[in-house]
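Okay, thanks for coming, everyone. I'd like to walk you through a structure you probably haven't seen before, so have a look at the picture while I talk.

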Amino acid sequence: MTLHSAKIGQPVSRIDGLAKVTGQARYAAEPHPAGMLYGFIVNSPIARGRIEAIRDEAARAVPGVVEIMTHLNRPHSALSEKSYVDGLGVPGSPYRPLHDAEISFNGQPVAVVLAETFEAAREAAMRLEVDYERWPHNADFEASLHQKYMPGKTRSNYVPPKSRGNAAEAYALSPIKIEGRYHLAPEHHNPMEMHATTVIAEDDGTFTVWDKTQGPQAVQAYLTSALSLSKDQVRVRNPYVGGAFGSGLRAQHNVFLAALGAKMLKHSVRITLTRQQMFTHVFRPEAVMDIALGAQPDGTLQSMIVDGVTDTSRFEHNMENLVIWGLINYKCPNATADYKVAPRDTYTSSDMRAPGAATGVNLFEMAVDEMAYACNMDPLAFRLHNYSDIDAMHDMPLTSKALKEAMQEGAERFGWYNRPMAPKSMRDGKELIGWGMATGIWDAMFSPTSARATLTADGRLHIATAASDIGTGTYTILAQTASEAFGIPIEMIDIELGDSTLPECPTEGGSWTAASAGAAVWLACQSLREKLFRTLGKSGNISAWLTEGLSNKTTVLQDGFLQDKGADENLRLSLSEALSLTGQDRLEVEETAKPGLRGTISQMRKARFTHSAVFCEVRVDEELGIVRVTRLVNAVAAGRIMNPKTAASQVRGAMVMATGMALHEESLMDERVGRFMNHNFSEYHIPAHADIPDMDVLFVTEKDKEVSPLGVKGVGEIGMCGTAAAIANAIFHATGQRHRSLPITPGD
Amino acid sequence: MTDVSVASPCHLRINGQSYSADLPPSVTLLDLLRERLDLTGTKKGCDHGQCGACTVLVDGKRVKSCLILAVSIPDAEVTTIEGLAPDGHLHPMQQAFIDRDAFQCGYCTPGQIMSAVALLEEGHVHTREEIREFMSGNLCRCGAYNGIVDAIEQVVARQQQERAGEAA
């Protein structure tokens with residue numbers, strides 16, 4: 001049987017599937033070096049203050065306890081705050097674990113018990129006694145709003161809002177207005193795999209660090225800097241990551257503490273956070289957006305005023321692109337927006353799937369629905385009426401925007417055109433039925449990325465890049481890319497990811513990996529094929545047909561064989577035969593995909609986004625207020641789709657998370673102690689099987705050669721943007737009741 | 001307070017192999033599998049019986065291994081994802097999960113598969129709604145729920161075809 005090359009665009013099943021369904025895939029907490037110690041973190045129960053005393057006699061008395069590491073006895077780590085700065089670019093003073101006696105947030109690690117067994121470490125952690133001096137704190141978001149500010153130095157990816165026209169005056173003159181405060185509760189990422197690190201102390205004094213991260217090279221840079229180690233002393237690996245959704249963008253304290261313990265004891269160490277401890281670090285910030293919209297009676301938007309605030313800690317200034325999305329996506333002559341952050345005594349909020357847009361797009365799209373109703377217009381017709389073909393905020397053309405097509409195809413698939421306009425007009429028994437829609441938008445980004453391609457004596461192609469597959473399908477789409485670019489069946493390709501020693505790749509996130517790593521692999525494979533042809537051409541011992549074919553450029557490499565275009569199939573050469581003819585045992589290239597001059601100019605002149613149109617049906621129990629999402633259709637315009645099977649899963653997965661945003665997810669602060677109190681899965685609800693209907697994802701045709709070398713835009717975030725609003729808008733249509741705060745409980 | 005130095009006898013059959021050791025009573029079946037037997041296919045997602053990632057079969061029934069103390073089920077037959085199919089083969093449910101893209105990150109997957117295999121035995125697979133209801137103890141944060149239901153239906157359909165074939 002001849003194996004055939006795969007192509008970009010085919011629905012190939014995940015190549016890492018076998019490892020995952022058999023339990024062979026190893027995640028961060030799963031290597032088991034001999035003699036490894038277990039670390040268990042002890043967290044501060046207060047939000048602000050200082051440690052007065054640590055009494056560890058009872059804890060040390062637990063059999064199997066080896067050491068209890070605190071700020072008093074820890075080994076040397078970097079003193080300067082600058083040494084703890086990571087690649088995310090959050091301005092401020094990064095948290096330095098176990099640095100000193102000061103407590104800045106509830107849940108802050110104050111000690112790590114290191115013991116021979118997990119049970120001993122956990123037991124000793126419960127017996128450790130710590131006395132605190134308590135200082136006043138504020139963990140109440142509402143109260144923190146009085147202290148909102150604009151950071152002097154902004155986050156590196158922050159896009160400042162840009163005003164146009166005179167929004168205040170236009171609003172005052174608009175005959176139809178809506179105005180309101182919209183709110184999103186804080187959310188926790190809650191990947192199924194809890195954050196964990198296994199540090200293997202190697203015989204040569206180096207450390208191999210298995211960490212749950214989205215960026216092995218970023219963690220390596222952080223550890224070498226914060227622990228004053230040299231680059232060749234630390235290797236970070238993350239071949240499998242049990243979900244992350246942004247929680248692995250920054251090095252979390254587990255990796256620092258595990259490495260600190262390993263450095264202290266010159267021993268292998270594992271730290272796994274508990275599910276409760278997963279609520280002691282990163283979360284999606286709580287947000288408010290004051291939105292005012294003005295329109296003409298015919299539904300023409302006249303003014304948009306957006307004023308948004310998200311929360312941050314006292315020590316860092318986390319920022320989101322919260323307020324810009326409506327200004328970019330809608331044609332409206334007058335618009336203005338303002339953004340600030342509000343500090344409270346918690347850990348620093350940070351990026352969770354579609355940061356900024358998940359909040360900003362959904363809340364804005366809820367306001368747009370209100371405006372459509374104020375104008376007595378169908379919400380889809382209202383959006384088409386105010387459609388912008390450009391980035392209206394920057395007055396810049398776009399590389400592509402097939403949102404109109406997405407709206408139309410999505411509406412047809414859903415059956416939107418039969419929708420009665422009036423709320424509360426559909427019912428089935430005691431359930432009210434509502435249909436809502438919204439649109440979504442997210443950046444289409446491309447970052448310079450390197451990849452290595454190696455042909456080995458057995459005729460296999462090895463691809464390596466320091467990308468991370470956090471469930472995104474990266475292994476599979478890179479294999480497809482290599483298969484098509486080189487001309488070799490997928491079965492003959494090995495993909496190596498998740499290792500800081502591999503060619504440079506940015507931290508996985510923001511939907512840029514498919515476009516970026518994909519382009520790098522494509523380039524490396526084409527370059528390797530040229531090198532193979534070149535090297536073969538120079539070697540004297542090849543057959544006449546090949547000599548002729550190479551010089552006439554009629555030799556092709558397909559399905560893993562070199563042959564002459566259109567020639568007899570018997571005249572072909574396998575890759576291992578070809579390599580042996582070159583006299584070398586391997587051929588290797590490394591290439592870096594960059595925007596180049598044309599790409600750089602394009603990035604300055606044109607904006608680039610993915611778009612979507614989401615349609616939703618809900619059923620609301622009139623007496624009990626229980627909401628069931630019964631249908632979801634998402635039409636996505638995301639350029640070229642590398643693998644419709646894994647891409648649809650990406651979009652569906654985000655729609656599930658957005659369903660949580662609309663209906664379930666809310667981290668509840670106990671303001672007295674400054675701690676998120678529902679820190680487990682029975683009190684912090686994420687959608688379960690029974691909450692999720694069959695979801696219909698369709699990709700509309702969007703040819704865009706300019707957005708990235710392969711025409712790819714990425715699909716990791718777009719499903720978050722718009723879906724929660726579509727659900728909220730459907731609830732209004734079902735009940736006639738407007739909710740401006742997510743998650744929604746009808747009747748509230 | 002528990003005394004971690006006390007040990008009690010533990011006898012189990014795990015994936016067909018007999019296992020005997022003296023263990024502190026606080027060791028859960030999950031931690032025994034993961035930390036002492038290197039059977040890391042069974043995952044820890046919450047340690048509180050709330051997520052289902054640690055689902056294994058005990059005497060053929062699906063249980064959450066984080067809620068069972070290893071010494072409390074003497075002579076039980078434990079099946080984990082590693083023991084679901086003989087070496088080099090896949091259980092039809094494992095193949096169906098690959099075919100229907102029923103996972104992304106793969107972390108909840110062994111628990112979903114073990115739960116789904118038990119569900120087939122329980123017979124609660126008549127409709128997609130019923131499958132959803134009886135799989136709701138297994139959370140998936142990647143949101144692969146549609147694919148998981150598809151995979152279970154694929155296996156159910158093949159079983160029905162096989163039965164129909166046998167009957168004919």
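One thing up front: this is a predicted model. Let's start with chain B. Among its contacts with a separation of 6 or more, 58% link residues that are 24 or more positions apart. If you count secondary structure, chain B has five helices and five strands. Going along the sequence, they come as β-β-α-β-β-β-α-α-α-α.

How does the radius of gyration of chain B agree with that of a compact globule? A compact globule of 168 residues would be near 15 Å, and chain B has 17 Å, which agrees. The C-alpha atoms fill a box of roughly 55 × 35 × 25 Å along the principal axes. As for burial, 52% of the 168 residues of chain B count as buried.

While we're on chain B, have a look at Asp47(B). This residue isn't a glycine, but its phi is positive, about 65°. That's worth a second look, because most residues other than glycine have a negative phi. Where does Asp47(B) lie? Asp47(B) is in the loop between α1 and β3 (55-58) of chain B. And Asp47(B) counts as buried, because it has 22 C-beta neighbours inside 10 Å.

Now, how do the two chains meet? Chain B puts 49 residues into the contact, and chain A puts in 51. On the chain B side, the elements giving two or more residues are α1 (29-36), α2 (92-99), α3 (109-122), α4 (128-134) and α5 (145-167). The largest share there is from α2(B), with four residues. By class, that side of chain B splits into 22 nonpolar, 17 polar and 10 charged residues.

Over to chain A. It's divided into domain 1 (37-136 + 189-280), domain 2 (283-445 + 604-742) and domain 3 (447-599). The C-alpha centres of domain 1 and domain 3 of chain A are 40 Å apart. The two do touch: 18 residues of domain 1 of chain A are in contact with 14 residues of domain 3 of chain A. On the domain 1 side, α6 (216-226) and β10 of chain A each supply at least two residues. Which element has the largest share of that side? It's α6(A), with four residues. That same side of domain 1 has seven nonpolar, nine polar and two charged residues.

Next, a sheet in chain A. Seven strands form an open sheet in the order β3-β5-β1-β11-β8-β9-β10, with mixed pairing. At the edges you'll find β3 (65-70) and β10 (234-237) of chain A, each pairing on one side only. On average, neighbouring strands in this sheet are turned by 20° against each other, direction ignored. Helix α7 (residues 253-265) of chain A packs on the sheet, touching β1 (37-43), β3, β5 (109-115), β8, β9 and β11 (269-272) of chain A. The direction of α7 makes about 25° with that of β8(A).

Zooming in, β8 (residues 196-201) and β9 (residues 207-211) of chain A pair in the antiparallel sense over five bridges. Within that pair, Ala201(A) has Phe207(A) in β9(A) as its bridge partner.

Let's move further along chain A, to strand β25 (residues 627-637). It's mostly covered, with eight of its 11 residues buried. What does β25(A) pair with? One partner is β24 (residues 609-621) of chain A, antiparallel over 10 bridges. In that pairing, Arg619(A) stands opposite Arg628(A). The two strands make a hairpin with five residues between them, and Gly625(A) in the turn has a positive phi of about 75°. Another partner is β28 (residues 695-699) of chain A, which runs parallel to β25(A) with five bridges. There, Leu632(A) stands opposite Met695(A) in β28(A).

Last stop, two backbone details in chain A. Asp395(A) isn't a glycine either, yet its phi is positive, about 50°. Asp395(A) lies in the loop between α10 (379-385) and α11 (403-414) of chain A. Is Asp395(A) buried or exposed? Asp395(A) is exposed, because just 10 other C-beta atoms lie within 10 Å, and the cut-off for exposed is 12 or fewer.

And the other detail: the peptide bond from Leu742(A) to Pro743(A) is cis, with omega near 0°. Pro743(A) is in the segment after β29 (741-742) of chain A. Remember that most peptide bonds are trans. That's my tour, thanks for listening.

Notes
Residues numbered from 1 in each chain as written. Chains lettered and ligands numbered in written order. Predicted model: local features only at pLDDT ≥ 70, side-chain atom pairs only at ≥ 80, totals over all residues. Rg over C-alpha atoms; globule rule 2.2 N^0.38 Å. Buried ≥ 20, exposed ≤ 12 C-beta atoms within 10 Å, placed from the backbone. Contact = placed C-beta atoms within 7 Å. Pairing = 2+ DSSP bridges. Axes fitted to C-alpha atoms, helices over the stretch in contact; angles between N-to-C directions. Nonpolar A, V, L, I, M, F, W, Y, C, P; charged D, E, K, R; others polar. Domains from an automatic or database assignment.
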